[in-house]
Amino acid sequence: MSNSKNSSKNPFCNIEPVQLTLIGAFLTLAGDFLSFLATFSEAQNACQNKNDNQKQSQLDANIIYAENKIKELEYEISKLKKEIKDFS
């Protein structure tokens, strides 16, 4: 009788091993899913950083190309100015 009184006072004594197993499996699944989300997020961040680095490298290359082209055009303009002065 004292056993039944203790059971009624403590609701956790009535949980069966199958229920505990299912609860444990559910918590494991939830933990694995959260780990997957964290890994996926980190992978996307790494991919985004790689893309940003590639874009920055391309931008730097375009700036260098533009600067070199400007120097070439300035040289051509100075040559043409010199030709105009020599012709006049």
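What percentage of the 88 residues in the chain do buried residues make up?

**View 1. Overall composition and exposure of the predicted chain.** In this predicted model, buried residues account for 0% of the 88 residues in the chain. The chain contains two helices and zero strands, and residues 17-87 make up helix α2. The area exposed by the chain comes to about 8,400 Å², of which carbon and sulfur atoms supply 62%.

**View 2. A nonpolar surface patch that includes Phe-36 and Phe-40.** Phe-33, Leu-34, Phe-36, Leu-37 and Phe-40 together make a nonpolar patch on the surface, with an area of about 530 Å². Among these residues, Phe-36 lies in helix α2, while Phe-40, with a relative accessibility of 44%, counts as partly exposed.

**View 3. The aromatic pair of Phe-36 and Phe-40.** One aromatic pair is present in the structure, and it is formed by Phe-36 and Phe-40. The ring centres are 6.1 Å apart and the planes meet at 25°, an arrangement that is classed as stacked because planes under 30 degrees apart count as such. As the two residues are four positions apart in helix α2, about one helical turn separates Phe-36 from Phe-40. Both residues also contribute to the nonpolar surface patch of the preceding view.

**View 4. The salt bridge between Lys-69 and Glu-72.** The count of salt bridges comes to two, and one of them joins Lys-69 to Glu-72, with 3.9 Å between the closest N and O atoms; the pair is counted because the cut-off for a side-chain nitrogen and a carboxyl oxygen is set at within 4 Å. Lys-69 and Glu-72 are three residues apart in helix α2, so that about one helical turn lies between them. Each partner counts as partly exposed, Lys-69 at 36% relative accessibility and Glu-72 at 48%.

**View 5. The salt bridge between Glu-76 and Lys-79.** Further along helix α2, the side chains of Glu-76 and Lys-79 meet in a salt bridge, for which the N to O distance is 3.9 Å. Here too the partners are three residues apart, about one turn of the helix, and both Glu-76 and Lys-79 belong to helix α2. With a relative accessibility of 38%, Glu-76 counts as partly exposed, and Lys-79, at 35%, likewise counts as partly exposed. In general, side chains of opposite charge can pair when their charged atoms come close.

How values were computed
Residues numbered from 1 in each chain as written. Predicted model: local features only at pLDDT ≥ 70, side-chain atom pairs only at ≥ 80, totals over all residues. Heavy atoms only, no water. Buried < 20%, exposed > 50% of the residue type's maximum accessible area, 1.4 Å probe, protein only. Areas by Shrake-Rupley, 256 points an atom, 1.4 Å probe, with all protein chains shown as cover. Patch = residues over 30% accessible without salt bridge, like charges linked within 9 Å, V, L, I, M, F, W, Y side chains within 5 Å. Phe/Tyr/Trp six-rings, centres within 6.5 Å; stacked < 30°, edge-to-face > 60°.
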